[in-house]
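Student: I am new to this structure and would like a close look at one part of it. Could you walk me through the surroundings of one residue, and then show me how the rest fits around that part?

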Amino acid sequence: MPIKRVIAVLGALLMVVVALPTVVVLWRNEVINSAPVREQIGDAVQELTGRQATLVGRIDLDEFPWIGVVIGPGELANPPGFDGPPLLAWDEIRLRVHYSSLHAASPLLDPLVVSGLKVRLRRDARGRDNWSDLGSRVDSGPPLAALTLPRIELRDLLVSYTDETTSQR
C-alpha cells in the first residue's frame, strides 16, 4: 500500500474521530431542546408539584469531569384559579455531579445555582395562597432521599408578597 494511500486513510479516520463526536454533541443538544423533551420535563414537574412548568430557554449539558445540566429561563405556574404572574420564574438553573461519583451512594454534587429567581407569594381576596400546596405531591423516598445538595446559591433573588385580604405588600 503506497504511503499516500496510508496517509489518506489515516486522515479519513482522524476526520471521523473528530467529526463523529461533534455531530453527536450537536444532535444531542437539538434533541434535548426539542418540544417533546421540554413537554416531558414539564409533565414530570407537574406530576411532582401539581403546577405547570414552562421552559422557554435552552437546556444545555456540560461534559467531563462534571456532568451537569443548565436550564434556561422558565417558570412554575400558580395553582388553578390564580391570575397574575407565576409563583416562580428564573433565568437559569445549574446543577452538576462529578463523573467519578455517579455510581456512589451519595454522589458528589456541585451547588445548585439558581440565577434571576423571582418568587411571587400571593394571598387572594378569598384568603387562598399560591404556595401552601406546593410539594404536597413529592414522595420523600428513594432515589431523591439519597441526594444531598452541599449548597444552594440564589443569585439576583426577588421575593414579593401580596396579601389581597389586607392590601399588604
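**A close look at N78 and its surroundings**

Tutor: Happy to! The protein chain has two helices and ten strands, and this is a predicted model. Read along the sequence, both helices come before the strands, in the pattern α-α-β-β-β-β-β-β-β-β-β-β. Of the 169 residues in the chain, 28% are buried. Among contacts with a separation of 6 or more, 60% are between residues 24 or more positions apart. The accessible surface comes to about 11400 Å², and carbon and sulfur atoms account for 63% of that area.

Now let us go to N78. You will find N78 in the loop between β4 (74-76) and β5 (88-90). Is N78 buried or exposed? N78 counts as buried, because its relative accessibility is 9% and the cut-off for buried is under 20%. Two polar contacts of the N78 side chain are worth finding on your screen. One of its polar atoms lies 3.3 Å from the backbone nitrogen of L87. The side chain of N78 also joins that of N130 in a polar contact of 2.8 Å. Leaving aside neighbours within four places in sequence, N78 is in contact with R51, D83, G84, P85, P86, L87, R122 and N130.

Several of these names lead us onward, and L87 is a good one to follow. L87 is also a contact of K118, along with L88, A89, D91 and L158, again leaving aside neighbours within four places in sequence. K118 is in strand β8 and is partly exposed, with a relative accessible area of 27%. Where K118 meets A89, the C-alpha atoms are 5.1 Å apart in space, although the two residues are 29 apart in sequence. The side chain of K118 also reaches the backbone oxygen of G116, at 3.4 Å.

G116 brings us to W90, because G116 is among the residues that W90 touches. Beyond four places in sequence, the contacts of W90 are L55, I71, G72, P73, G74, E75, L76, V114, S115, G116 and L117. W90 is also part of the largest nonpolar core, which has ten residues: A53, L55, I59, I71, L76, W90, L112, V114, L117 and V119. At least two residues of this core come from β1 (53-55), and at least two from β7 (112-115). In soluble globular proteins, nonpolar side chains tend to be buried together.

Let us return to N78 and follow R122, another of its contacts. R122 is touched by E164 as well, and so are R123, D124 and A125, not counting residues up to four places away in sequence. E164 lies in the segment after β10 (158-163) and is partly exposed, with a relative accessible area of 36%. The C-alpha atoms of E164 and R123 are 5.9 Å apart, while 41 residues separate the two in sequence. The side chain of E164 reaches the backbone nitrogen of A125 at 3.5 Å.

R123 then opens up the charged pairs. R123 forms a salt bridge with D129, with their closest N and O atoms 3.9 Å apart. R123 is partly exposed at 22% relative accessible area, whereas D129 is buried at 17%. Salt bridges that share partners join R123, D129 and D163 into one network.

The count of salt bridges comes to eleven, including one between the side chains of R96 and D110 at 2.8 Å, N to O. R96 lies in strand β6 (residues 92-98) and D110 in the loop between β6 and β7, so this pair ties together parts that are 14 residues apart in sequence. R96 counts as partly exposed, at 24% relative accessibility. Another salt bridge joins the side chains of R155 and E153 at 2.7 Å, N to O, and R155 is partly exposed at 42% relative accessibility.

To finish, look at the surface. L149, I152, L154, L157 and V159 form a nonpolar patch there, with about 430 Å² of accessible area together. L149 is found in the loop between β8 (118-123) and β9 (152-155), and counts as partly exposed at 34% relative accessibility. If you then go back to the buried N78, you can retrace its contacts through L87 and R122.

Note on methods
Residues are numbered from 1 along each chain as its sequence is written. This is a predicted model: local features need pLDDT of at least 70, side-chain atom pairs count only at pLDDT 80 or more; totals for chains, interfaces and linings use all residues. Side-chain values use heavy atoms; hydrogens and water are left out. A nonpolar core is a set of buried Ala, Val, Leu, Ile, Met, Phe, Trp, Tyr and Cys residues joined through side-chain atoms within 4.5 Å. Buried means under 20% relative accessible area, exposed over 50%, partly exposed in between (1.4 Å probe, protein chains only). Helices (H or I, at least four residues) and strands (E, at least two) are DSSP runs, numbered from the N terminus. Contact means heavy atoms within 4.5 Å. Patches are made of residues with over 30% relative accessible area and no salt bridge: like charges are joined within 9 Å, nonpolar side chains (Val, Leu, Ile, Met, Phe, Trp, Tyr) within 5 Å. Accessible areas come from the Shrake-Rupley method with a 1.4 Å probe; for residues, only the protein chains shown count as cover. A salt bridge is a side-chain nitrogen of Lys or Arg within 4 Å of a carboxyl oxygen of Asp or Glu. A polar contact is a pair of N or O atoms within 3.5 Å; within protein, one must be able to donate a hydrogen and the other to accept it, and residues adjacent in sequence count only if both atoms are side-chain atoms.
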